[in-house]
Amino acid sequence: MSRIKIKKIKIWMPSAEVAPFAKVGGLGDVAGSLPPALKKLNCDIRLIMPLYGLIDREKYKLKKIYENLEVPSGRCLIKVDIWESFLPGTRVPIYFIDAPEYFKFNTVYARGDNSERFLFFSFASLYILPIIGFNPDVVHCQDSHTAMIPDILKNTDFEFLRGIKTVFTIHNLNYQGVSEIEVLSTGNLHVNSLKTLSEDAKNGDINYMMQGILNADIVNTVSEKYVQEIMTSTYGAGLDKEVRKRKKDLYGVLNGIDVDFFDPAKDKFIFKNYSINSLGQKYKNKLILQKKLGLPQDKDRPLVGLVSRLVWQKGLELITEKLSDLDCQFVFLGTGKHEYEEHLKGLNKKFPRKFSAQIKFDLELAQQIYAGSDMFLMPSRFEPCGLGQMIAMRYGSVPVVRATGGLADTVDSKVGFVFKDISKQELFDSLQEAIDIFCNHPGKWRKMQVAGMKRDFSWKKSAKEYVKLYKKAMKK
Ligand code: GLC
């Protein structure tokens with residue numbers, strides 16, 4: 001019997017963040033966890049990211065595979081080395097562009113302007129393809145950092161880049177990568193290279209996000225609800241017109257999470273492992289966490305967790321002194337804008353028995369909060385997908401969220417508490433209701449926890465959706 005050989009789809013995925021090598025937010029989690037699921041679906045998926053100074057080359061077994069490659073960027077040649085490794089625990093190859101003048105620092109994003117750094121990365125990520133001998137069907141670009149790739153591909157003279165299609169995923173429409181027009185030469189582009197560029201340049205700058213939206217073969221974002229939202233002026237961040245233009249090629253694909261890593265039964269960072277069948281053990285995590293945070297140890301008092309980048313998007317203004325009237329404790333973990341850090345620290349100082357503010361980036365403590373909290377708070381103004389609520393549900397911590405984007409798509413009254421408006425009172429009332437059920441209706445509470453823990457947040461379904469998008473792009 002002759003076997004029909006199904007052609008593997010070859011995907012090239014450049015990303016500014018890939019967990020665990022370097023991550024700032026959800027983008028890193030997605031770039032680190034979607035590819036293994038695509039590999040299982042028989043895609044030849046390979047990643048590429050900048051080699052930031054902070055990446056631990058030894059720990060992650062990076063190997064240098066090419067030295068002193070001269071990348072023609074604008075009028076100069078920039079020498080780069082190429083390194084290679086695998087996503088830990090998988091056979092997904094990842095390449096690194098080693099260009100110290102752009103990436104030697106110990107942070108992912110530089111202070112100030114990042115547009116030249118990431119345009120260079122975008123260009124280099126294509127330029128090295130023949131060197132590593134990879135000829136992708138689709139480049140899957142992530143967020144504004146790599147949003148210029150469709151422009152570069154549409155404009156290129158390089159034979160080896162002809163015919164490659166693009167899928168562009170918007171993780172957050174509000175970070176747009178607005179740059180000076182002069183930066184274009186870094187990607188060997190010019191205002192007259194494409195009509196969309198000359199149009200865009202009329203107001204004196206170039207918007208990477210806008211270019212990605214207009215020029216990618218297929219555009220998607222990370223939940224159905226956010227697709228609908230970004231077509232409106234309220235959520236469109238000034239680009240709703242461009243988004244609407246692409247309506248026919250626009251899709252919503254909900255993110256997954258790495259369900260092996262986020263598993264309360266196996267998690268090495270938490271104090272006591274548990275599962276649906278031993279949910280009665282969860283409170284032990286709370287008691288130790290309360291002690292660690294300096295909060296009164298009390299298994300009957302609900303503990304509300306918040307793990308987040310502390311930025312405008314996250315609706316932190318709704319967290320006020322008024323919440324100290326509630327009979328519960330709060331723990332906040334994250335870093336971000338100074339004013340939000342100070343605001344949360346202020347609450348901690350004034351009500352040390354109620355609020356704990358942990359202003360730092362601490363992956364271990366994050367896991368301990370998912371495991372030790374009873375409720376998980378996400379009062380976001382907008383939330384393209386949100387990963388925290390899914391992780392929380394997996395750990396039996398019941399989400400209290402605002403109905404926006406992926407939060408609206410993943411949380412309902414069977415598994416959590418959802419409030420509609422950006423309103424302090426609505427948040428207060430939702431928490432009050434949650435506390436009431438926790439304290440007075442333990443059977444009902446347990447049911448909600450179990451329903452959340454049973455939901456499937458793996459990448460299985462969404463990875464299949466991406467394969468469909470790749471196929472659609474290949475038909476363009
Ligand atoms: C961004 C969004 C978040 C989303 C993540 C991954 O961080 O703000 O909602 O979950 O990207 O797509």
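Which domains does the shell around the ligand draw at least three residues from? Both domain 1 (10–256 + 460–474) and domain 2 (276–457) supply at least three each, with bounds that come from an automatic or database domain assignment.

Before you start clicking, note that this is a predicted model, in which local features need pLDDT of at least 70 and side-chain atom pairs count only at pLDDT 80 or more, while totals for chains, interfaces and linings use all residues. Numbering runs from 1 along each chain as its sequence is written, and side-chain values use heavy atoms, with hydrogens and water left out.

**Stop 1: the ligand**

Select the ligand and the residues near it (one heavy atom within 4 Å). You should pick up 14 residues, of which His171, Asn255, Glu383, Cys385 and Gly386 are the closest. Colour them by class and you will find 6 nonpolar, 6 polar and 2 charged residues. In this scheme Ala, Val, Leu, Ile, Met, Phe, Trp, Tyr, Cys and Pro are nonpolar, Asp, Glu, Lys and Arg are charged, and the others, Gly among them, are polar.

Now zoom in on His171, where a polar side-chain atom sits 2.6 Å from a ligand oxygen. Asn172 also offers a side-chain N or O atom, 3.5 Å from an oxygen atom of the ligand. At Pro384, show the backbone instead: an N or O atom there lies 3.4 Å from a ligand oxygen. Of the 310 Å² that the ligand exposes when taken alone, the protein buries 95% (Shrake-Rupley accessible area, 1.4 Å probe).

**Stop 2: between the domains**

Zoom out and colour the two domains separately; their C-alpha centres are 33 Å apart. Next, select the contacts (heavy atoms within 4.5 Å): 19 residues of domain 1 meet 20 residues of domain 2. About 1,400 Å² is buried between them, and carbon and sulfur atoms give 61% of it; buried area is the accessible area (1.4 Å probe) that two parts lose on being put together, summed over both. On the domain 1 side, show Lys225, Tyr235 and Leu254, which lose the most area to domain 2 and together make up 25% of what that side buries.

How many salt bridges does the rule find across this interface? The count is 0, taking a side-chain nitrogen of Lys or Arg within 4 Å of a carboxyl oxygen of Asp or Glu.

Conventions:
Polar contact = N/O pair within 3.5 Å; in protein donor to acceptor, adjacent residues only side chain to side chain.
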